[in-house]
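Me: I should like to examine one part of this chain closely, together with its surroundings. Please take the residue I name below as the starting point and work outwards from there.

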Amino acid sequence: MSDNPASMERMSGALRTTLRHLLKPQLKALVAVNSPMQCMMKEVCAQCLCQHHDPETKLPAGIVFSCFNQHQPLFAVDFGNLKARQGQNSVQEKVSNLWLNYLLDDKARHLHEPSRIIAAEDAVD
Ligand code: FES
């Protein structure tokens with residue numbers, strides 16, 4: 001299933017409502033949760049925490065380390081929390097992309113610049 005929280009949430013809702021009559025009552029659906037991660041060393045940095053809730057009451061039911069357990073019960077994942085967690089890195093990702101684009105553009109520009117190539121060759125001699 002898609003790793004987009006909104007898509008997963010829609011699928012979860014559909015399976016519990018409009019599609020419910022087509023499914024076995026004991027259906028167990030898993031979802032691959034793509035929480036932000038840092039160490040990926042299982043319970044070290046806590047960057048990957050994912051909140052679960054009770055599917056019926058929607059009350060908090062626990063916290064899971066996603067790097068330790070990426071496939072989680074679809075109906076238990078708190079997708080609002082997952083969306084918020086993913087959004088935490090958005091500024092850093094944008095800055096990193098800008099910096100990478102700057103570096104790649106700058107490098108590409110200098111590759112076709114004859115004076116730079118000569119200067120670099122002179123530097124080697
Ligand atoms: S990513 Fe560090 S504990 Fe999961």
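Where is Phe75 found, and which residues does Phe75 touch beyond those up to four places away in sequence?

Reply: Phe75 is found in the loop between strand E4 (71-73) and helix H2. The model is a predicted one, in which local features need pLDDT of at least 70 and side-chain atom pairs count only at pLDDT 80 or more, while totals for chains, interfaces and linings use all residues. Numbering starts from 1 along each chain as its sequence is written. Helices (H or I, at least four residues) and strands (E, at least two) are DSSP runs numbered from the N terminus.

With 18 other C-beta atoms within 10 Å, Phe75 is partly exposed (20 or more such atoms, placed from the backbone, make a residue buried, 12 or fewer exposed, and counts in between partly exposed). Leaving out residues up to four places away in sequence, Phe75 touches Ser12, Arg16, Ala29 and Pro55 (a contact requires backbone-placed C-beta atoms within 7 Å). The C-alpha atom of Phe75 is separated by 8.5 Å from that of Gly13, although the two residues are 62 apart along the chain.

One of these partners, Ala29, deserves separate attention. Ala29 is placed in the loop between H1 and E1, and its 15 C-beta neighbours inside 10 Å make it partly exposed. From Ala29 to Phe75 the C-alpha separation is 7.4 Å, across 46 residues of sequence. Beyond its neighbours within four places, Ala29 is in contact with Leu15 and Leu74 as well as Phe75. The loop between H1 and E1 holds Leu27 too, a partly exposed residue with 13 other C-beta atoms within 10 Å. Leu27 and Leu15 are twelve residues apart along the chain, with 9.5 Å between their C-alpha atoms.

Following the chain from Phe75 leads to H2 (residues 79-87), whose axis comes within 9 Å of that of H1 (residues 5-16). The two axes cross at roughly 175° (axes are fitted to C-alpha atoms over the stretch in contact, with angles from 0 to 180 degrees between N-to-C directions). H1 and H2 are therefore roughly antiparallel (over 145 degrees; under 35 is roughly parallel, 65 to 115 roughly perpendicular, the rest oblique). On the H1 side of the contact stand Pro5, Met8 and Glu9, which meet Phe79, Leu82, Lys83 and Gln86 of H2. These contact residues divide into four nonpolar, one polar and two charged (Asp, Glu, Lys and Arg count as charged, Ala, Val, Leu, Ile, Met, Phe, Trp, Tyr, Cys and Pro as nonpolar, the others, including Gly, as polar). Ser7 is also placed in H1 and is partly exposed, having 13 C-beta neighbours inside 10 Å. Ser7 lies 72 residues from Phe79 in sequence and 9.7 Å from it in space, C-alpha to C-alpha.

Within H2, Phe79, Leu82 and Arg85 are the buried residues. Viewed down the helix axis they fall within an arc of 115°, so they line one face of H2. Their cover includes H1 and strand E2 (49-53). Gly80, Ala84 and Gly87, on the other side of H2, are exposed.

Phe79 and Leu82 belong to the largest nonpolar core, a set of eleven residues (a core joins buried Ala, Val, Leu, Ile, Met, Phe, Trp, Tyr and Cys through C-beta atoms within 7 Å). Its other members are Met8, Val31, Val33, Cys48, Cys50, Val64, Cys67, Leu74 and Val77. Leu74 is thus a core member and a contact of Ala29. Cys67 touches Met37, Met40, Lys42 and Cys48, residues up to four places away being left out.

Lys42, a contact of Cys67, lies in the loop between strand E1 (30-32) and E2. Lys42 counts as exposed, with 10 C-beta neighbours inside 10 Å, and its phi is positive, near 65°. Lys58, in the loop between E2 and strand E3 (60-65), is exposed with 9 other C-beta atoms within 10 Å. Its phi is positive as well, at about 65°. Most residues other than glycine have a negative phi.

For the wider setting, the chain comprises four helices and four strands, in the order α-β-β-β-β-α-α-α from the N terminus. Of its 125 residues, 13% count as buried. Among contacts between residues at least 6 apart in sequence, 54% join residues at least 24 apart.

Key
Contact = placed C-beta atoms within 7 Å. Arc of directions from axis to C-beta.
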